[in-house]
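This report looks at how a metal ion is held and how a set of strands is arranged. Please keep the sequence and the structure in view while reading.

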Amino acid sequence: MPTIQVALDVPVARLFDYDAPQATEQDVGCRVLVPFGTRLKTGILWAIATEPGCDPAQLRPIQALWRDVPALSATDLALLKFCSAYYHYPLGTTVLHALPPGLRRTKGWTPPRRTGASVLAQDSDNPPLPLALNTEQLQALRGILQVTDRFRCHLLHGITGSGKTAVYLALIQALLAQGKSVLVLVPEINLTPQLEQHFQQHLPQTTLLSLHSGLGEKERVTRWLAAQEGSARVILGTRLAVFCPMPQLGLIVVDEEHETSYKQQEGLRYSARDVAIMRAQQGQIPIVLGSATPSLETWLNAQRGRYHQHSLTQRAIAGATLPRMRLIDTRRTALQQSLSTPLLEALQTQLSQGAQSLVFINRRGYAPLLRCQQCGWSCPCTHCSTRMVVHLRTNQMRCHHCGRSRPIPVHCPDCGSVQLDTLGDGTQKVEDQLRWHFPHARILRLDSDTLSSPTQWREARAAIQQRTVDILVGTQMLAKGHDFPHLTLVAALGGDQALYSTDFRAAERLFSQLMQVAGRAGRSHLAGEVLIQTEFPEHPLFDFLMRQDYDGFAQYELNQRRLSGFPPYMHQAILRAHSKRPERLETFMAQAHAKALALAPKPPLTLFDPVNALLHRRAGDYRMQLLLQSPRRQNLQEFLGLWEKTLTASTLRSVHWVLDVDPVEL
Ligand code: ADP
Ligand code: ZN
Ligand code: ZN
């Protein structure tokens with residue numbers, strides 16, 4: 001009697017046996033519907049067992065075996081298995097969460113009547129002329145194409161505007177010509193439309209589809225299946241696309257590889273960049289990581305020769321140069337609220353020349369703080385250990401961690417005083433100040449409050465392209481990858497808090513953010529200028545930034561990390577746990593710590609004490625964490641494997657925990 005092993009979305013690190021007389025080896029990787037307790041669950045047929053793991057009389061029969069969509073291949077399953085093992089996350093949950101939600105339902109898949117053809121008009125008669133690549137681009141292209149039948153990890157380190165996209169496109173064309181498919185990952189959903197359009201125009205004969213969480217459930221499955229069946233040859237997607245089955249996959253591109261949005265921050269805490277590298281390794285294909293400011297992890301790998309490095313050192317458009325950089329010391333310059341005189345003058349000059357400017361401040365809302373002048377009350381969130389942010393436009397105090405909101409109070413609830421002040425700046429406040437200074441300027445604010453839908457983004461992009469906007473005010477949403485050819489001045493405010501942050505990655509992030517946002521200026525024939533306001537002009541970071549010297553900064557920062565024993569010289573994992581019941585949480589963490597000690601960790605492995613998370617309470621949950629690290633990855637992984645087993649055995653009800661391997665935030 002054939003017994004099958006099924007991967008199910010339950011927080012238990014094992015497979016479940018069922019009776020399935022109709023199943024054959026061909027069905028491995030198919031979806032099955034099985035009874036689980038009193039409910040029905042969808043799972044993946046993981047294996048046909050030679051003998052059942054329990055008494056055959058107790059085996060329950062499956063309810064359905066779906067052959068409605070192709071089974072996941074052995075390659076797909078191998079990647080998921082690897083992820084589950086590497087991130088120490090239950091196999092079934094890993095597998096089910098890799099599937100689009102439409103295939104996780106407890107019913108079979110009914111294809112929609114209209115199949116999801118590409119939404120873009122394809123002008124196949126008039127494809128644009130391919131760009132003639134410059135010498136550096138050609139060198140990179142040839143270097144990468146040298147070996148395509150084996151695993152190789154390439155770093156395409158190209159300054160902003162150096163034409164990395166043109167290299168990706170040429171690579172895609174070459175691989176398509178070899179009969180292969182290509183997966184391109186981008187950090188953010190808003191980057192997909194312009195890239196999709198650009199690629200589609202240059203690849204008129206190719207079915208290219210984007211894949212991201214903004215798609216409807218049916219559409220997402222349809223596109224996933226198109227990739228799995230091999231009809232879509234280029235998939236352009238956000239991190240979730242890294243699991244998309246592609247039978248002829250011949251190349252993976254990870255654009256802006258340094259972006260932290262590649263790391264999923266809940267559930268299976270995977271890094272799509274790292275999973276992509278594992279996938280390329282398993283599939284023995286090349287992978288290209290592109291960035292102007294590579295993560296230090298990637299940079300070190302390139303320095304050590306593990307990754308092949310290709311550099312683009314010039315802007316691609318003839319005549320386009322890197323912008324001039326200027327630092328404004330806010331301690332020595334007159335400030336009108338948050339804007340310095342030189343900054344206001346520069347904006348005025350831009351306006352009188354009809355040129356476009358961008359003011360960057362990485363904080364949305366009006367002000368991060370509302371404070372009572374009398375007693376110091378500052379509007380804490382009732383469910384998080386944080387303060388609520390002032391959102392003047394909607395007359396709300398809003399918590400950026402749990403989303404709760406309340407009207408802006410007119411007087412202090414503690415002492416009754418009406419003297420309430422806003423402290424610090426957000427995009428809304430800066431927008432107001434700019435409107436006050438430049439009443440005739442056309443100002444557009446771009447942050448996740450104004451850009452919640454793809455339509456809003458499309459309209460904003462069109463307005464920027466058509467130059468119906470003079471000044472853009474926005475958060476880091478604007479810093480990534482966008483090409484705004486008319487933009488000639490970039491001003492950055494208030495990145496300073498990163499310089500005294502407890503997060504050792506804060507400087508790296510600030511540097512890359514400022515390099516990226518500076519990189520938006522002067523991308524075309526018009527020369528660009530970048531102004532950066534800071535209170536700490538003597539911080540070494542600015543020295544490198546002024547020279548736009550990524551290599552120098554990376555060297556400096558790596559040296560700091562090595563001296564203080566931080567990643568990438570150290571590999572880390574964090575046990576994160578949360579619960580509504582703080583006493584249970586503490587018990588669990590104390591037990592987890594004791595269990596780790598009982599496993600007798602020996603150097604080079606370091607085990608830290610459990611501590612409260614930086615944000616101790618979020619949305620009503622108390623949060624604690626425990627850090628482990630080792631300079632040797634293998635050492636850390638082995639320990640995690642043992643520890644995970646004992647943790648699973650002792651899970652307390654009402655305490656949720658997860659291991660975060662290679663965490664990117666503390
Ligand atoms: P990056 O992604 O490296 O910041 P892009 O790929 O967006 O840069 O390219 C910047 C600009 O340079 C784009 O407008 C692109 O069309 C142009 N470009 C790229 N390669 C060339 C080339 N070989 N010749 C002329 N223009 C180019
Ligand atoms: Zn008060
Ligand atoms: Zn909150």
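In this predicted model, the zinc ion (ligand 2) has as its protein donors the SG atoms of C372, C375, C412 and C415, which lie 2.2 to 2.3 Å from the ion. Seen from the zinc ion (ligand 2), the four donor atoms subtend angles of 103 to 116 degrees, and the arrangement is therefore tetrahedral. Along the chain, the donors of this ion follow the spacing C-x2-C-x36-C-x2-C. The pair C372 and C415 links distant parts of the chain, since these two residues are 43 residues apart, with C372 in strand 17 (residues 369–372) and C415 in the loop between strand 20 (405–407) and strand 21 (420–423).

The table sets out the accessibility of this pair.

| Residue | Relative accessibility | Class |
|---|---|---|
| C372 | 2% | buried |
| C415 | 39% | partly exposed |

C372 counts as buried because its relative accessibility, 2%, is under 20%, whereas C415, at 39%, counts as partly exposed.

A second topic is the sheet. Six strands form an open sheet in the order 13-25-24-16-23-22, and their pairing is parallel. Which strands stand at the edges? They are strand 13 (324–329) and strand 22 (443–446), and because each has a single partner strand, one side of each is left without a neighbour in the sheet. On average, and with direction ignored, neighbouring strands of this sheet are turned by 15 degrees against each other.

At one of these edges, strand 13 pairs with strand 25 (residues 529–534) in the parallel sense over six bridges, and I328 has Q533 in strand 25 as its bridge partner.

How values were computed:
Residues are numbered from 1 along each chain as its sequence is written. Chains are lettered from A and ligands numbered from 1 in the order in which they are written. This is a predicted model: local features need pLDDT of at least 70, side-chain atom pairs count only at pLDDT 80 or more; totals for chains, interfaces and linings use all residues. Side-chain values use heavy atoms; hydrogens and water are left out. Donors are N, O and S atoms within 2.8 Å of the metal (3.2 Å for Na, K and Ca); water is not among the atoms, so sites may look incomplete. Four donors count as tetrahedral if all angles lie between 85 and 135 degrees; four count as square planar and six as octahedral if opposite donors are over 155 degrees apart and all others between 65 and 115; anything else is irregular. Helices (H or I, at least four residues) and strands (E, at least two) are DSSP runs, numbered from the N terminus. Buried means under 20% relative accessible area, exposed over 50%, partly exposed in between (1.4 Å probe, protein chains only). Two strands pair if DSSP finds at least two bridges between them. Axes are lines fitted to C-alpha atoms, for helices over the stretch in contact, and angles run from 0 to 180 degrees between N-to-C directions.
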